[in-house]
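Subject: A structure for you to look at

Hello,

I am passing on a structure that I have been looking through, and I hope you enjoy exploring it. Please open it first, and then read on for what turned up.

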Amino acid sequence: MGKVLSQHQIESYHKEGFISPINVMSEDEANAYAAKLKAAEAKYPKDLTGVNRNNGHLCFKFLDDLAYHPKVLDAVEDLLGSNFSLWGSVLFIKEPSSSHFVSWHQDATYMGITPRNFVTPWIALTHSTRYTGCMSMIPGSHHKDIQPHQDTYGADNILTRGQEVTNVDANLAVDLILKPGQMSLHHAMIIHGSQPNQSEDQRRIGFALQSFMPAGAKQTIGDNNWSPVRGHCSQKGHHYLPRPQIDMAAGSVQVRDQSNQNFSNILYHGAKIKRDY
Ligand SMILES: O=C(O)CCC(=O)C(=O)O
C-alpha cells in the first residue's frame, strides 16, 4: 500500500501502463477550479490559448495549486519514489461540439528525456466521458519501444506535430471516464489518444502534469528547465523554475515564456513544420 495508491493499483500501473480513476478532490472543489479558469480566461484571454495552454502553472496560482496538490504528489510518489521534479503542464481543453482530437501517440516520443519511465497525472475539471472526448489507452502498450510516429500536422489534431502511431487496434482501447475532481495516471510510453467532444454544452477540461520525472531522468534535447517537487533531483545544468505567488506577475510570465520556447525547441526538434502551440 502506498500513500494514496493500493498495491493493486501500483501493480496495475506497471502491468497496464495507467490507473484510473483516482479521487483527488470533491466535485465542488473541481467546479471551483473550473470557475477560476473561466475567470482567468476572461481576464487574460491570450494567456490561456494556443501555446499558452502550456505551463500555465508557472504564472497562475490556481494552476500551481493543482500541480502541487498533495494527493497528486502522494500518488506520484507511490509510483516514482520520493525524489521527483515536474517538467511541465498542459491544459487540454475541448470546446463543446468541436472537432479537436488527439491521435494515438506515446508522450515520450518527442520529449527528449531518458529513461522513458515518467508519469503524467491528468486531472479532470469537468466530466470526461466517451461523449465529451475522454482519453483512451491501449493497455500494456508501454512495454513496447517507441513506435514509428507519422507527423500529420492535422488541423484538428491537438498534438504539436499531429503525430500518430498507425496500426493501432482501437478495439483494445480502454476509456478513462473521469468525474470532475478525479484523475488518471499514465506512463510515458503508453499509446493513447482521444476523440472529439460531441457534447453541445459541456467543455472537456483536463489539466495534465506532463510529466513528473524521477531522479536520474536526463534531458537530451533543449534546456533542463525543471521544477523541483520532492526530495533531491539536482543535476548538472538544471535551471530551477520559481513558483508563482500571484497570477501573472511579470517575472512569472517571463519564466512561462522562456519555458514554452524551450518546450517548442524540444518538441519540434528536427520537425519539418513548427506550429504556434
Ligand atoms: O486530453 C487529451 O485528450 C489527451 C491528453 C494527452 O495525450 C496526455 O495527457 O498525454
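Let me start in a loop: M248 lies between strand 17 (238–240) and helix 5. Its phi is near 55°, a positive value in a residue other than glycine. M248 counts as buried because its relative accessible area is 17%, under the 20% cut-off. Please keep in mind throughout that this is a predicted model.

S97 makes a good partner for that residue. Here too phi is positive in a residue other than glycine, near 50°. S97 sits in the loop between strand 3 (89–94) and strand 4. With a relative accessible area of 48%, S97 is partly exposed.

**Helix 5**

From M248 you can step along to helix 5, which covers residues 250–267. Does its length fit what a helix of that size should have? What span should its 18 residues have? At 1.5 Å a residue the expected span is 26 Å, and the end C-alpha atoms are 25 Å apart, so the two agree. Its buried residues are S252, V253, V255, R256, S259, N260, N262, F263, S264, I266 and L267. These pack against strand 15 (218–219) and strand 16 (224–230).

**Helix 4 and the core**

Helix 4 (residues 70–80) is mostly covered, with nine of its 11 residues buried. Those nine are V72, L73, D74, A75, V76, E77, D78, L79 and L80. Right after the helix comes G81, with a positive phi near 90°.

In soluble globular proteins, nonpolar side chains tend to be buried together. In this model the largest nonpolar core has 43 residues, and L5, L185 and F212 touch the most other members. Helix 4 supplies the largest share of this core, six residues. F212 is a nice place to see the helix from: leaving aside neighbours within four places in sequence, its contacts include V72, L73, V76 and L80. F212 also contacts A67, F84, S85, L86, F118, V119, P121 and V229.

**Two cis peptide bonds**

The peptide bond from Q210 to S211 is cis, with omega near 5°. S211 belongs to the loop between strand 13 (204–209) and strand 14 (212–214). The other bond runs from T114 to P115 and is also cis, with omega near -5°. P115 is in the loop between strand 5 and strand 6 (119–124).

**Some buried polar residues**

Q210 turns up again beside D107, a residue in the loop between strand 4 (102–105) and strand 5 (113–114). Which side chain of opposite charge is nearest to D107? That is R116, 12 Å away, and the buried D107 has no salt bridge. Its side chain does make a polar contact with the side chain of H105 at 3.0 Å, and with the side chain of Q210, also at 3.0 Å. Beyond residues up to four places away in sequence, D107 touches T120, H186, A188, H192 and Q210.

H192 leads on to S136, since both D107 and S136 touch that histidine. S136 lies in strand 7 (residues 135–137). At 5% relative accessible area, S136 is buried. Its side chain makes a polar contact with the side chain of D175 at 2.7 Å. Among its other contacts outside its own stretch of sequence are W104, R130, I191 and G193.

The last stop is H149, in strand 8 (residues 149–151). Is H149 buried or exposed? Its relative accessibility is 14%, so H149 counts as buried. Its side chain reaches the backbone nitrogen of Q106 at 3.1 Å, while the backbone oxygen of Q147 lies 2.7 Å from a polar atom of the same side chain. Not counting residues up to four places away in sequence, H149 touches H105, Q106, T109, Y110, Q163, E164 and V165. For a sense of scale, the C-alpha atoms of H149 and K3 are separated by 36 Å, and the two residues are 146 apart along the chain.

Happy exploring, and best wishes

Note on methods. Residues are numbered from 1 along each chain as its sequence is written. This is a predicted model: local features need pLDDT of at least 70, side-chain atom pairs count only at pLDDT 80 or more; totals for chains, interfaces and linings use all residues. Side-chain values use heavy atoms; hydrogens and water are left out. Buried means under 20% relative accessible area, exposed over 50%, partly exposed in between (1.4 Å probe, protein chains only). Helices (H or I, at least four residues) and strands (E, at least two) are DSSP runs, numbered from the N terminus. The expected span of a helix is 1.5 Å times one less than its number of residues. Contact means heavy atoms within 4.5 Å. A nonpolar core is a set of buried Ala, Val, Leu, Ile, Met, Phe, Trp, Tyr and Cys residues joined through side-chain atoms within 4.5 Å. Lys and Arg count as positive and Asp and Glu as negative; His and the chain ends are not counted. A salt bridge is a side-chain nitrogen of Lys or Arg within 4 Å of a carboxyl oxygen of Asp or Glu. A polar contact is a pair of N or O atoms within 3.5 Å; within protein, one must be able to donate a hydrogen and the other to accept it, and residues adjacent in sequence count only if both atoms are side-chain atoms.
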